[in-house]
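Here is a short briefing for a first look at this structure. Keep the sequence and the 3D view side by side while reading.

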Amino acid sequence: MTPRLSIENLSVTYASARGRLTAVRDLNLQVADGEFVAVLGPSGCGKSTLLNIASGLLKPSSGKVQIQGQPVAGPRRDVGIVFQQPTLLPWKTVLQNVLVPVEAMGLRVEDHMDRARALIRLVRLEGFEGHYPNELSGGMQQRVGIARGFMHDPQLLLMDEPFAALDAMTREHMSDELQDMWRQSGKSVLFITHSIPEAVYLADRVVVLSERPGTVVDVIDVPLPRPRTIATLGSAEFNAICNRLRLFFRTPAPGKGEPE
Ligand code: ADP
Ligand code: MG
């Protein structure tokens with residue numbers, strides 16, 4: 001079957017006044033229909049670069065990026081993106097920000113009000129519909145970004161460390177909501193994180209990236225039963241997989257980031 005997302009031999013080199021910097025090198029990755037794939041790697045290894053490539057916002061220096069067998073030429077309607085920084089429009093309210101994808105597609109906003117409000121409830125922002133981004137905490141803004149990413153019901157979700165700015169309790173709640181939503185909808189998810197437990201809790205497969213230039217050093221299956229719950233976190237199997245992943249990040253070069 002054609003994978004939902006396929007990345008082949010991807011390399012990305014940035015050219016700036018400071019010179020050339022290769023962020024990603026020879027990276028291969030596939031996400032099947034309905035699959036939840038986590039990408040795990042240290043800070044600065046090229047994870048956001050990978051997401052920007054998959055979302056069509058950035059062009060590869062070399063390699064092939066396809067969604068449903070078609071080359072990615074730019075942003076697509078069947079893809080939802082949750083950025084590492086929420087990038088909300090400051091002059092729009094929470095409700096209006098969540099509705100941005102609907103507007104961008106030229107659809108009738110009134111037809112999507114119920115869904116927008118339901119998503120706002122889901123990310124626990126009920127009562128804040130009329131607030132502006134500068135009236136919200138960083139974690140609240142991030143949750144608006146998450147609701148916005150789901151708004152147009154995309155088949156493929158690209159999420160860049162979506163829960164990194166959230167407090168631990170909200171983070172657990174959001175992980176469970178994401179898992180439920182994914183299980184009910186059959187969507188494909190590419191979920192970027194630097195948290196080992198988060199990757200193992202959510203994913204069917206964990207793709208491990210090296211330090212920059214990011215390339216795949218291993219792909220680990222996570223055969224834990226679903227739904228995963230608080231009991232999963234305490235299970236021997238869960239911890240064995242986490243420990244196996246920790247080995248990849250045990251001996252970082254001095255001064256380089258290490259996943260938690
Ligand atoms: P991660 O998300 O894993 O932390 P990024 O993809 O953001 O990593 O960045 C990978 C590397 O590419 C870093 O060294 C970063 O400084 C560099 N980089 C990212 N974006 C740009 C850019 N627009 N221009 C130049 N260098 C960049
Ligand atoms: Mg990043």
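F36, F163, W182 and F191 form a cluster linked by ring pairs. The model is predicted. A search of the whole structure turns up four aromatic pairs. The points below start with these rings, then move to the two ligands, helix α1 and some backbone features.

**Aromatic rings**

- In the pair of F36 and F191, the ring centres are 5.8 Å apart. The planes meet at 45°, so this pair counts as tilted.
- F36 belongs to strand β3 (residues 36-40), and F191 belongs to strand β8 (residues 188-193). The pair therefore ties together parts that lie 155 residues apart in sequence.
- Are these two rings buried or exposed? F36 has a relative accessible area of 0%, so F36 is buried. F191 is also at 0% relative accessibility, so F191 counts as buried. The cut-off for buried is under 20%.

**Ligand 1**

- Which residues surround ligand 1? They are Y14, L21, A23, P42, S43, G44, C45, G46, K47, S48, T49 and R212.
- By class, this shell holds five nonpolar, five polar and two charged residues.
- Backbone atoms approach the ligand at two neighbouring positions in the list. A backbone N or O atom of C45 lies 3.2 Å from an oxygen atom of ligand 1. A polar backbone atom of G46 is 3.1 Å from an oxygen atom of ligand 1.
- R212 uses its side chain: a polar atom there lies 3.3 Å from an oxygen atom of ligand 1.
- On its own, ligand 1 has 560 Å² of accessible area, and the protein covers 62% of that.
- Two elements give two or more residues to the shell: β2 (19-31) and α1 (47-54). The largest share, three residues, comes from α1.

**Magnesium ion (ligand 2)**

- What coordinates the magnesium ion? The donors are OG of S48 and OE1 of Q84, at 2.1 to 2.3 Å.
- The two residues come from distant parts of the chain, 36 residues apart. S48 sits in helix α1, while Q84 sits in the loop between β6 (79-82) and α2 (94-98).
- S48 has 24% relative accessibility, so S48 counts as partly exposed. Q84 has a relative accessible area of 33%, so Q84 is partly exposed too.
- S48 thus has two roles in this description: S48 is in the shell around ligand 1, and S48 coordinates the magnesium ion.

**Helix α1**

- Why is α1 described as largely enclosed by the rest of the structure? Six of its eight residues are buried.
- The buried residues in α1 are K47, T49, L50, L51, I53 and A54. Among them, K47 and T49 also appear in the shell around ligand 1.
- G56, just after α1, takes a positive phi of about 80°.

**Cis peptide bonds**

- The peptide bond from R212 to P213 is cis, with omega near -5°. R212 is also one of the residues around ligand 1. P213 lies in the loop between β9 (205-209) and β10 (216-221).
- The peptide bond from R226 to P227 is cis as well, with omega near -5°. P227 lies in the loop between β10 and α8 (230-233).

**Positive phi outside glycine**

- N9 has a phi near 45°, a positive value in a residue other than glycine. N9 lies in strand β1 (residues 5-16). At 42% relative accessibility, N9 counts as partly exposed.
- Q68 is not a glycine either, yet Q68 has a positive phi of about 50°. Q68 is placed in the loop between β4 (62-67) and β5 (70-71). Its relative accessible area is 32%, so Q68 is partly exposed.

**A contact across the sequence**

- Where is Y132 found? Y132 is in the loop between α4 (113-122) and α5 (138-150). With a relative accessible area of 35%, Y132 is partly exposed.
- Y132 and W91 are 41 residues apart in sequence. In space, their C-alpha atoms are 7.0 Å apart.

Notes
Residues numbered from 1 in each chain as written. Chains lettered and ligands numbered in written order. Predicted model: local features only at pLDDT ≥ 70, side-chain atom pairs only at ≥ 80, totals over all residues. Heavy atoms only, no water. Near = heavy atom within 4 Å. Polar contact = N/O pair within 3.5 Å; in protein donor to acceptor, adjacent residues only side chain to side chain. Areas by Shrake-Rupley, 256 points an atom, 1.4 Å probe, with all protein chains shown as cover. Helix = DSSP H or I, 4+ residues; strand = E, 2+ residues; numbered from the N terminus. Nonpolar A, V, L, I, M, F, W, Y, C, P; charged D, E, K, R; others polar. Donors = N, O, S within 2.8 Å, 3.2 Å for Na, K, Ca; no water. Buried < 20%, exposed > 50% of the residue type's maximum accessible area, 1.4 Å probe, protein only. Phe/Tyr/Trp six-rings, centres within 6.5 Å; stacked < 30°, edge-to-face > 60°.
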